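Open the model in your viewer and keep the selection tool at hand. The stops below say what to select and what to look for at each one.

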Amino acid sequence: MADAAALLRVVGVRKAFGGIQAVDGVSFDLPCGEIRALIGPNGAGKSTFFNILTGQLRADGGTAVYRGRELLGLAPHAVWRLGVSRTFQVTATFATLSALENVRVARLSHVGRSRALLTPARGLETERSLALLDQVGLGDQAERAAGVLAYGDLKKLELAIALANDPELLLLDEPTAGMAPAERGALMALTAAIARQRHLTVLFTEHDMDVVFATADRIMVLHQGRLIAEGAPAEVRVHPEVQAVYLGAEA
Ligand code: ADP
Ligand code: MG
């Protein structure tokens, strides 16, 4: 019997590119409400795994059951519709649309076309989109085109877009990539605060270990496509294989 508290149960997920086994039998349970980090050196398979979960890539094998539904094999929009939102390592916003329009597009796709055509719904979604921008600290940038936002603000916009789906599960692939160290910690702290307030479950990748240890309830370590450790931050920090493979490799 599956653990009733697990929002996501992943078993034996595999993906090869030619001769490279990018994801090599990944299995874990992610309980409701947990904020978990997936760490590992460049090329460990983190983005490939995220792409498999959200339908951008097809797995060679394995299952990923989310609230009783198999995610693997679904198209990205079907995964999104189930309440699984993600952000990408490389930003994916509409550059010529304003920050507000970017969030509104995501809101309207979430609430559905029929309701979205009704004028009152459109007004309501504008309000909700503005509230989301406020929540991520972009309230004063709402009318600016996404393409001219400062880099850190673009990452915040991506978070607002992901939240526009009213997700239960948030998958964040390097949500602070390219940001200054101080900004990284602040954005992840904000993300964690929003997640706790909304009772979201989060799986995120991040290279800054200080940010990982400060934000995650638990940490999983991926190395050459395999999970080599899982535990609370204090456990993972002293795990000999992790130190050898990952923390050592980072220096
Ligand atoms: P991470 O996100 O942990 O840095 P990736 O998932 O991006 O790792 O990459 C895992 C491995 O798979 C790497 O060896 C990478 O070169 C390879 N890889 C990723 N995407 C592709 C692809 N589309 N085609 C071929 N190889 C790929
Ligand atoms: Mg990656």
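Start with Leu157. Show its neighbours, leaving out residues up to four places away in sequence, and Leu157 touches Thr93, Ala99, Asn102, Val103, Leu133, Leu138, Ala146 and Leu149. Keep in mind throughout that this is a predicted model.

**The cores**

Now widen the selection to the core around this stop. The largest nonpolar core has 45 residues, and Leu133, Leu157, Phe204 and Ile219 have the most contacts inside it. Colour helix α6, residues 151–163, and you have the element that gives the most to this core, with seven residues. Next, select Leu7, Val10, Leu30 and Ala44, which belong to a second, separate core of 25 residues. As background, nonpolar side chains in soluble globular proteins tend to be buried together.

**Thr93, beside the first stop**

Return to the neighbours of Leu157 and pick Thr93, one of the residues that Leu157 touches. Thr93 sits in the loop between β6 and α3. Is Thr93 buried, partly exposed or exposed? Its relative accessibility is 21%, so Thr93 counts as partly exposed; the cut-off for buried is under 20%.

Show the contacts of Thr93 beyond four places in sequence: Asn102, Ala146, Leu154, Leu157, Glu158 and Ile161. Then draw a C-alpha to C-alpha distance from Thr93 to Val105, which should read 11 Å for a pair 12 residues apart in sequence.

**The largest pocket**

Select Trp80, Arg86, Phe88, Ala92 and Ile161 next. Among the 22 residues that line the largest pocket, these are the closest to its centre. Ile161 was also on the contact list of Thr93. The space in this pocket comes to about 550 Å³.

Which elements each supply at least two residues of the lining? Colour α2 (76–81), β6 (84–87), α3 (99–111) and α6 to see them. Helix α2 gives the most to the lining, with five residues. Recolour the lining by class and the count is 11 nonpolar, eight polar and three charged residues.

**Asn51 and helix α1**

From Arg86, follow a side-chain contact out to Asn51. The two side chains make a polar contact at 2.7 Å. Asn51 lies in helix α1, and Asn51 counts as buried because its relative accessible area is 19%, under the 20% cut-off. Outside the four-place window in sequence, Asn51 touches Gln56, Leu57, Arg86 and Phe88. Phe88 is another of the residues closest to the pocket centre.

Extend the selection to the whole of α1, residues 46–53. This helix is mostly covered, with seven of its eight residues buried. The buried ones are Lys46, Thr48, Phe49, Phe50, Asn51, Ile52 and Leu53. Step just past the end of α1 to Gly55, where the backbone takes a positive phi of about 85 degrees.

**Arg104 in helix α3**

Go to Arg104 in helix α3. With 11% relative accessibility, Arg104 counts as buried. What does its side chain make a polar contact with? The partner is the side chain of Thr126, at 2.7 Å. Display the other neighbours outside the four-place window and the contact list of Arg104 reads Arg122, Glu125, Thr126 and Ser129.

**The cavity**

Switch on a cavity display. One cavity of 30 Å³ or more is present, and the largest cavity holds about 60 Å³ of space. Select its lining: Thr87, Lys155, Glu158, Leu159, Leu172, Pro175, Leu187 and Thr191. The elements giving two or more residues to this lining are α6 and α7 (181–198), and the largest share, three residues, comes from α6. By class the lining has four nonpolar, two polar and two charged residues. Glu158 in this lining is also in contact with Thr93.

**Last stop: Pro181**

Finish in helix α7, where Pro181 has its place. Pro181 is exposed, as its relative accessible area is 63%. Draw a C-alpha to C-alpha distance from Pro181 to Val211: the two are 30 residues apart in sequence and 8.9 Å apart in space.

Definitions and conventions
Residues are numbered from 1 along each chain as its sequence is written. Chains are lettered from A and ligands numbered from 1 in the order in which they are written. This is a predicted model: local features need pLDDT of at least 70, side-chain atom pairs count only at pLDDT 80 or more; totals for chains, interfaces and linings use all residues. Side-chain values use heavy atoms; hydrogens and water are left out. A nonpolar core is a set of buried Ala, Val, Leu, Ile, Met, Phe, Trp, Tyr and Cys residues joined through side-chain atoms within 4.5 Å. Buried means under 20% relative accessible area, exposed over 50%, partly exposed in between (1.4 Å probe, protein chains only). Helices (H or I, at least four residues) and strands (E, at least two) are DSSP runs, numbered from the N terminus. Contact means heavy atoms within 4.5 Å. On a 1 Å grid over the protein atoms alone, a cavity is a set of points where a 1.4 Å probe fits but cannot get out, and a pocket is an open set with protein on both sides within 12 Å along at least five of seven lines; lining residues have an atom within 4 Å of a point. Grid points are joined across faces, edges and corners, and a volume is the space filled by probe spheres set on the points. Ala, Val, Leu, Ile, Met, Phe, Trp, Tyr, Cys and Pro count as nonpolar, Asp, Glu, Lys and Arg as charged, and the others, Gly among them, as polar. A polar contact is a pair of N or O atoms within 3.5 Å; within protein, one must be able to donate a hydrogen and the other to accept it, and residues adjacent in sequence count only if both atoms are side-chain atoms.
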